[in-house]
Amino acid sequence: MEIVGSRQVRPDAWEKVSGQTRYLADMPVADSWFGGTLRSPVPHGRLLGIHRDPSFDWSRVCVVTADDLPGPNVVAMIADDHPILASTEVRFLGEPVALVAAPEPKLLRAALAALRPEIEEQPAILELTAGLQQPLLAEYRIVCGDLEAAWECADRVIAGTYQTGHQEHLYLEPNGVIATPRENGGIEILGSMQCPYYVQRALAVGLKMPADAVIVRQAATGGAFGGKEDYPSILALHAALLARRSGRPVRMVLERTEDIRATTKRHPSRVRHRTGVTREGELVAAEIDVVLDGGAYTTLSPVVLSRAILHAAGPYRLPSARIHGRVVMTHTPPSGAFRGFGAPQVQFAAERHMDRIARELEMSPLDIRRRNLLRDGDQLPFGQRLPEGGSGAAAVLEHAVRHAQYVERRAACAQANQRDPHRRRGIGLSLYFHGGGFTGAGEERIAAKVGVRFAPEGVVEILTSNVEMGQGASTVLCMIAGQALGIDPVHVRHVMPDTSVVPDSGPTVASRTTMIVGKILVAACRRMAAQLPSGRFMETARRWVAAGKELAGEAEYTPPEGQHWDEENYQGDAYKAYSWGADVVEIEIDPATMEVRPRHAYAVVEIGRAIHPVLVAGQVEGGTLQSLGYGYLEELKVRDGRFLNDRMATYIVATAMDAPVFEVGIEELPFPGGPYGAKGVGELPFNGGAPALVAAIDQATGQFVTRIPATPERLLRTEADADGCGDTD
Ligand code: MOS
């Protein structure tokens, strides 16, 4: 029975489209209170105390401040610099300084209004460039080849600076958790999240409890995009503190405005390229300088930076290079995980820079890419050699160009622009890649486990901490198990992750669920099936459990042979495998308003094997649209450390109304280390949309955009500039 590659109905589809799925805010919890947060009104200052209005009846609510913590004041993550509640210093506007729980939302609001943080305001660092003068949150370097000698081989040296801004995830469902005290003194968390075991660890540290006293259960999760990777840890700590203080369940669900103001965002970036090229357009040497704005605390920034520098050269051969990455601290909300995790920022820069090189050498954007793209046997700047079948770059590029008729359409756009100056058209191209799974030895450190068991009612249950958050993980995992056992996936169920039931399979991040966790799942299924006498699985399994015997299996991650990562020197096999993509985006611009309208988007991805091609197309369309919005629409305006457009009416994202006509192509070069050849797809498309769209703006306007989002305001301002060549501050 061939299940991989077929169309299966999502097991969660009907409940979701019919409105039956209960998200956290809909869930009735007997006797629960509402939790809220008092936040800093300034971006930086000394916290002197918290004033309580004496006319308020404080006996009716619970208040928790940094003085009331049972353990260390840290949200355990990487650097442990992030306090659960500010105690002596506030480092961003919106930073939590106190918590309140009350039986009614109205009373909660009144109590929060009766509290006032006393803060002595201090000068704030609000710009990335100012952050460079301060101690860094993270720094990494990659060096390869003989750079001095390589510059000698260059006919030209071409430099450019590229910038990207904050981005808000805008998942449909805001962040939320419910914390319930357990009778044994422990705590139970139910939350909208990607990483139950991250939350468990943060609570065990922050509440000073053994890990098994903390039970973390995932609730139906209405989108995440990385925004529920690190943030739920702090929210769960807050709800848990209030639950322990009040002795009852406490629900904390953020309002949209609070969610936009206080939760993590995509790291803003500034990337500088200096590249030596031959007259024929071959890249011979490069210096790449990556700076990310990490905001107030470290959170996951070192890992984001690591992925950024490893993807900074784009999917191109670069024999000699020096790549330097830094994360600066600023007094803005902490930047965190967001689909792509550092790779979209640097690949925007790399793709823009390829277009700049093409322009300077009077080559076409297609030819410069064909000449330099990574092929099997090539080495990446950190020494990883792509094996046979390891590069899909040429396959996706040629497929996209042929399918979109890029060359012909480009000529047609140029002609149309001559005929009709009131409606400018343009077409752009991007080539990109994404390493699947954790960086370096990350997967070895996680050592993920996956379990399966045959439940008495005749269903195979998948036990993993990886979550369904809209991306289709439940469907794909059930298909992989079905294929491994030779059964219809309707007989397989993905159990809602619960740390008291499922093993630690690691977080649901880094495009790792299908590729890494799926492979372990296959091994767990085989181990389970091996216990049975021969015969068809469902029949023998039913007889087996009817006889009162247990049927289960577990497997752990096994590192692929022959791969090695040297953390100290940042050299080696940074990722187990790469997925590849190429986009062709066609747009129209009204030159009077500079309003951009994406018309067509062709995206071709190479992902090893598409377990469920329809879901793959959905991931690619959604990720590409999100990336297009990043390129021309989504602008989080920051003034004096405050996000100005902090609601859905003012933070504009691309909707169905803005979506171009999509065509998705799939190339398959099976990866032996993935389940049935599959590699990751979730983050990949985010790397390609923005640079392809901005390249289309080049053709439509003649402007060379170096900073996104390319909003009408920016495009008109640049149009007015003398050189017309983008704002390169
Ligand atoms: Mo994360 S951006 O969910 O890998």
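**Exercise 1.** In this predicted model, find the residue just after α16 that takes a positive phi.

*Solution.* Step past the end of α16. Gly 548 has a phi of about 85 degrees.

**Exercise 2.** Determine which residues of α16 are buried and how they are arranged around the helix axis.

*Solution.*
1. Locate α16 at residues 537-546.
2. Apply the cut-off: buried means under 20% relative accessible area. Phe 537, Met 538, Thr 540, Ala 541 and Trp 544 are buried.
3. Look down the axis. These buried residues fall within an arc of 170 degrees, so they line one face of α16.
4. Recall the general rule: an α-helix has 3.6 residues a turn, so residues three or four places apart point the same way.
5. Turn to the face directed away from the buried side. Exposed Arg 543 and Ala 546 sit there.
6. List the packing partners of the buried residues. They are β17 (449-455), β18 (459-463), α14 (473-485) and α15 (513-530).

**Exercise 3.** Work out the strand order of the open sheet that contains β17, and place the helices on it.

*Solution.*
1. Write the order of the four strands: β19-β18-β17-β20, with mixed pairing.
2. Mark the edges. β19 (492-494) and β20 (552-556) each pair on one side only.
3. Add the twist, which averages 20 degrees from one strand to the next.
4. Inspect β17 and β20. They run antiparallel and are joined by five bridges. Val 450 has Ala 555 of β20 as its bridge partner.
5. Place α14. This helix packs on the sheet and touches β18 and β19, making about 145 degrees with the direction of β19.
6. Place α16. It lies across β17 and β18, at about 75 degrees to β17.

Key:
Residues are numbered from 1 along each chain as its sequence is written. This is a predicted model: local features need pLDDT of at least 70, side-chain atom pairs count only at pLDDT 80 or more; totals for chains, interfaces and linings use all residues. Side-chain values use heavy atoms; hydrogens and water are left out. Buried means under 20% relative accessible area, exposed over 50%, partly exposed in between (1.4 Å probe, protein chains only). Helices (H or I, at least four residues) and strands (E, at least two) are DSSP runs, numbered from the N terminus. The arc is that of the directions from the helix axis to the C-beta atoms. Contact means heavy atoms within 4.5 Å. Two strands pair if DSSP finds at least two bridges between them. Axes are lines fitted to C-alpha atoms, for helices over the stretch in contact, and angles run from 0 to 180 degrees between N-to-C directions.
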